[in-house]
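Hi there,

Here is the structure I promised to send over. Have a look at it first, and then read on for my notes.

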Amino acid sequence: MRHLPLSLALCLGFVASSVACGPETHERTPMVLERTGDAEAGAPLYATHCASCHAEDGTGTPQGPNLPNETNHHSDEEIVEAILSGRGTMPAFDDDLGDQDVADLLAFLRAGEARLSGVVE
């Protein structure tokens with residue numbers, strides 16, 4: 001019987017554990033992403049839950065980054081994950097926002113990104 005060299009076996013074990021132990025997707029993320037968000041409905045949610053740290057116009061504060069810069073570099077899934085699970089000093093909003101709320105907030109953030117980049121008026 002032939003055995004794998006120890007270094008190869010350790011490497012394969014590390015890769016397998018890295019894949020298995022990678023960042024987990026919040027259980028609600030797929031459900032949120034299936035919904036169509038309404039940017040207009042997301043505006044008051046942003047004002048209530050986000051503006052205190054990210055500023056009313058999304059340009060950021062010492063407590064939270066500039067959101068157009070952030071959303072431009074992240075997928076919808078990553079943004080939903082950050083909203084639901086939190087990230088860094090940002091709290092999780094999974095207990096505060098329903099699936100449609102998160103979809104509406106995502107639509108609002110994406111619409112703001114488009115306005116600031118000149119894609120829409």
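**Cysteines, an aromatic pair and a helix**

The sulfur of Cys53 lies 8.8 Å from the closest cysteine sulfur, that of Cys50, which is too far for a bond. Please keep in mind that this is a predicted model. Seen from the other side, Cys50 has its closest cysteine sulfur in Cys53, again at 8.8 Å. A disulfide needs the two sulfur atoms within 2.5 Å, and a search of the whole structure turns up 0 disulfides. As for their surroundings, Cys50 is buried at 12% relative accessibility, whereas Cys53 is partly exposed at 30%.

Next, the aromatic rings. The whole structure holds 1 aromatic pair. Its partners are Tyr46 and Phe108, with ring centres 5.3 Å apart and planes at 40°, so the pair counts as tilted. Tyr46 sits in helix H3 (residues 39–49) and Phe108 in helix H7 (residues 99–116), so the pair ties together parts that are 62 residues apart in sequence. Tyr46 is buried, with a relative accessibility of 3%. Phe108 is buried too, with a relative accessible area of 17%.

Finally, you may like to look at helix H6, which spans residues 76–85. Which residues of H6 are buried? They are Ile79, Val80, Glu81, Ala82, Ile83 and Leu84, so a glutamate is on the list, and buried here means under 20% relative accessible area. After H6 comes Gly86, which has a positive phi near 80°.

Happy browsing, and best wishes!

Conventions. Residues are numbered from 1 along each chain as its sequence is written. This is a predicted model: local features need pLDDT of at least 70, side-chain atom pairs count only at pLDDT 80 or more; totals for chains, interfaces and linings use all residues. Side-chain values use heavy atoms; hydrogens and water are left out. Buried means under 20% relative accessible area, exposed over 50%, partly exposed in between (1.4 Å probe, protein chains only). Helices (H or I, at least four residues) and strands (E, at least two) are DSSP runs, numbered from the N terminus. Rings of Phe, Tyr and Trp (its six-membered ring) pair if their centres lie within 6.5 Å; planes under 30 degrees apart count as stacked, over 60 as edge-to-face and the rest as tilted.
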